[in-house]
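Thanks for coming. I have one structure to go through today, and I will keep it short.

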Amino acid sequence: MSERVWRHLNLCPRGDTDESIADAALAVRDGTIVWQGAACDLPREFAAWPSEDLGGAWVTPSLVDCHTHLVFGGLRADEFALRLAGASYEEIAKRGGGIVSTVCATREADEDTLIAAAGARLEPLLAQGVGAIEIKSGYGLDLASERKMLRVARALGRRYPVSVYTTFLGAHALPPEYAGRADAYIDDVCERMLPALADEGLVDAVDVFCERIGFTLEQSERVLEAAGRRGLPVKMHAEQLSLSGGTALAARYGALSADHLEFLDEAGVQAMKRAGTVAVLLPGAYYFIRETQLPPIDLLRRHGVPIALATDCNPGTSPATSLLAMLNLGCTLFRLTVPEVLQGVTLHAARALGQSERHGELAPGRSADFVAWSVGTLAELAYWIGRPLAARVVRAGETVYTAPVSPWTGRIEAHAASLDRSAK
């Protein structure tokens, strides 16, 4: 039996700074929290356990990245240059670029290649404290390639200390071989691809891109219905480029989340509230495609819809591998508060995955998955841009990452000594 008390920490168990506990302790047995609270209240039965001092660090639950497209082949840096020259996202897509170009590269790549590339994108997220991540398919757009993507996502969860949740996004774009036959492609998604992949245990949830360059309301509803027949939860890319009513449709099917939402209206917000659907905002995509239509933050607040944030890591519109950077963008672009963005990558992000019982909160009975931060205040997590802040990442009570010692320390000391000798 493995027992340990983590001492001398400032605990923020739900991402809400108003609920923090100064000079706290965590008692962990076999990877599970059995007690937490102020160190002065630590029960005598835990006092003799082996302990580890966290040096007064702030501790939060491990972070949750609840919307990513982490597995894909190729890159689209050239499209970034085209957008800088004035081309729109829609124009690039209509020319055969965008998602379709990534589809070709993904179909050509083998599993080992995709694992290596996706692992390189996953590692910086883990070093920033991500302990759970959603990975969507949607760059294969045929059964074999979608299966390959989902198998790679599962493999990442076995290779790395992270919980991976897979989402089937076969209805992401229309593949070239189905040009002009969107309804026939949706037939394939609903009647062949989804049943096969679900039977193989590769699907945790189902998503659809409901948009004028994606799929119509009617086509999207068919996907949601097919997921329901399999007992799978649903989510939706909605209201990113226009107001289509996709969010209200998703809410009608009890969607876990509706994502993007720049053009969401009050009727859609009210539908989300009634259904308990989480609003997943993606400031990386908003920033990268230079969108100007802000999501309706005040409406979401007014109606009490929980707000999550995610990287949307993908090759075309959000090549982001820093969830902490999304906190900063959420604050600066969307004017979210520090408590809002912290809960947006813990408590609410876990809910957006349908995994609020496993992730996003520290409490007795839950897995000891947490991050010790090298910050003086949790506001720094949303303040710094690009600075490594995770001192230690713990999963099931065991340290899986520690911040590396700076390679500059010895050099700086040697340089200072050299300058000192020169001065003498």
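I will start with the annotated positions and then turn to the aromatic rings.

Please keep in mind that this is a predicted model.

The UniProt record, an unreviewed entry, places the feature "binding site" at R76, Y139, H172, Q240 and T317. From this set, H172 is part of the lining of the largest pocket. I will take two of these positions in turn.

First, Y139. Where does Y139 lie? Y139 is in the loop between β6, residues 130-136, and α6, residues 143-159. Is Y139 buried or exposed? Buried means under 20% relative accessible area, and Y139 is at 2%, so Y139 counts as buried. Leaving out residues up to four places away in sequence, Y139 touches a list that includes H69, F72, I99, E146, M149, N314 and P315. H172 is also among the residues that Y139 touches, which brings me to the second position.

H172 is found in the loop between β7, residues 163-171, and α7, residues 182-199. Its relative accessible area is 4%, so H172 is buried too. With the same sequence neighbours left out, H172 touches H69, I99, G138, Y139, L141, F209 and F215. H69 and I99 therefore appear in the contacts of both Y139 and H172. With G138 there is also a polar approach: a polar atom of the H172 side chain lies 3.0 Å from the backbone oxygen of G138.

Now the rings. How many aromatic pairs does the structure hold? There are eight. One of them is F80 with F288, which is stacked, at 4.7 Å centre to centre and 20° between the planes. This pair links distant parts of the chain: F80 sits in helix α2, residues 77-84, and F288 in helix α11, residues 283-288, 208 residues apart. F80 is at 33% relative accessibility, so F80 counts as partly exposed, whereas F288, at 17%, is buried.

Another stacked pair is Y185 and F215, at 6.3 Å centre to centre and 25° between the planes. Y185 is in helix α7, and F215 is in the loop between β8, residues 205-210, and α8, residues 217-229; the two are 30 residues apart. Both Y185 and F215 are buried. Together with Y178, they form one aromatic cluster. F215 is also one of the residues touched by H172.

Last, two arginines over rings. R121 lies over the face of F72, at 3.6 Å from the ring centre, and F72 is among the contacts of Y139. R387 lies over the face of W384, at 4.5 Å from the ring centre.

Notes: Residues are numbered from 1 along each chain as its sequence is written. This is a predicted model: local features need pLDDT of at least 70, side-chain atom pairs count only at pLDDT 80 or more; totals for chains, interfaces and linings use all residues. Side-chain values use heavy atoms; hydrogens and water are left out. UniProt positions are given in the numbering used here, feature names are shortened, and annotations may be inferred rather than shown by experiment. On a 1 Å grid over the protein atoms alone, a cavity is a set of points where a 1.4 Å probe fits but cannot get out, and a pocket is an open set with protein on both sides within 12 Å along at least five of seven lines; lining residues have an atom within 4 Å of a point. Helices (H or I, at least four residues) and strands (E, at least two) are DSSP runs, numbered from the N terminus. Buried means under 20% relative accessible area, exposed over 50%, partly exposed in between (1.4 Å probe, protein chains only). Contact means heavy atoms within 4.5 Å. A polar contact is a pair of N or O atoms within 3.5 Å; within protein, one must be able to donate a hydrogen and the other to accept it, and residues adjacent in sequence count only if both atoms are side-chain atoms. Rings of Phe, Tyr and Trp (its six-membered ring) pair if their centres lie within 6.5 Å; planes under 30 degrees apart count as stacked, over 60 as edge-to-face and the rest as tilted. A charge sits over a ring if NZ of Lys or CZ of Arg is within 6 Å of the ring centre and within 35 degrees of the ring normal.
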